[in-house]
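Here are my notes on the structure, as numbered points. Have it open next to you while you read.

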Amino acid sequence: MKHWLCAVTLAALPLLAQAEKVGDVSTAFKLIGPNHKIVVEVFDDPLVAGVSCYLSRAKTGGVSGALGLAEDKAEASVACRQVGQIAFKGPLPQEDEVFTERASILFKHVRVVRMVDARRNTLVYLVYSDRLIDGSPQNSVTAVPVPTTLRIPLK
């Protein structure tokens, strides 16, 4: 019974992408601990084969950054591109979180949400930062047009 319940619980969890680090650049020297950086990561859309998203964001250095205690800035940018033949792994919800990563030790995350613009047959990706009490209005958006011969399947 416990194994069945675990399987049902795992199946109910959303599919979130895992990011791979592409590279980084230092933006400020820190004498102790790592430098402040801009990190570039890439992840594949978990439900849309052939689409990858590149995410750039600030990463706080110093001792607090090295220990994971620092709060990263809310600024982030996303650029999603068709990198292969697009194929859908099933019907897509109108709006779905496809990526999340912790940006502070408590309550702050960088999130990427996929939206479907059915009229234009386009996938729209929005990156933003949220916090338990006060999120940030800073955001970035990108769009991936899907060939007209392939309609986006909606839930």
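1. A quick definition before we start: a nonpolar core here is a set of buried Ala, Val, Leu, Ile, Met, Phe, Trp, Tyr and Cys residues joined through side-chain atoms within 4.5 Å. Keep in mind, too, that this is a predicted model.

2. On to the core itself. The largest nonpolar core has 24 residues, and the members that touch the most others are V51, L55, F88, L92, V112, L123 and Y125. Two or more residues come from each of β3 (48-59), β4 (76-88), β5 (95-102), β6 (108-117) and β7 (122-131). The top contributor is β4, which supplies five residues.

3. L55 is a good place to start browsing. Setting aside neighbours within four places in sequence, L55 is in contact with V39, V40, E41, A76, S77, V78, F99, V110, V112 and V127. Note that L55 is also one of the core residues touching the most other members.

4. Next, the cysteines. How many disulfides does the structure hold? There is one, formed by C53 and C80 with their sulfur atoms 2.0 Å apart. C53 sits in strand β3 and C80 in strand β4, so the link ties together parts that are 27 residues apart in sequence. The angle about the S-S bond is 110°, making the link of C53 and C80 right-handed. Are these cysteines buried or exposed? Both C53 and C80 are buried.

5. V78 is worth a click as well. This residue is in strand β4. V78 counts as buried because its relative accessibility is 5%, and the cut-off for buried is under 20%. If you skip residues up to four places away in sequence, V78 touches C53, Y54, L55, Y125, V127, S140, V141 and T142. So that list takes in C53, which is half of the disulfide discussed above, along with L55 from point 3.

6. One of those V78 contacts, Y54, deserves its own look. Y54 lies in strand β3, and its C-alpha atom is 5.6 Å from that of V78, with the two positions 24 residues apart along the chain counted as their separation. Why does Y54 get the label partly exposed? Its relative accessible area is 36%, and that label covers values between the 20% and 50% cut-offs.

7. Last, the surface. Which residues join Y54 in a nonpolar patch? They are V22 and V83, and the patch of V22, Y54 and V83 has about 270 Å² of accessible area together.

Note on methods: Residues numbered from 1 in each chain as written. Predicted model: local features only at pLDDT ≥ 70, side-chain atom pairs only at ≥ 80, totals over all residues. Heavy atoms only, no water. Buried < 20%, exposed > 50% of the residue type's maximum accessible area, 1.4 Å probe, protein only. Helix = DSSP H or I, 4+ residues; strand = E, 2+ residues; numbered from the N terminus. Contact = heavy atoms within 4.5 Å. Disulfide = S-S within 2.5 Å. Patch = residues over 30% accessible without salt bridge, like charges linked within 9 Å, V, L, I, M, F, W, Y side chains within 5 Å. Areas by Shrake-Rupley, 256 points an atom, 1.4 Å probe, with all protein chains shown as cover. Salt bridge = Lys/Arg side-chain N within 4 Å of Asp/Glu carboxyl O.
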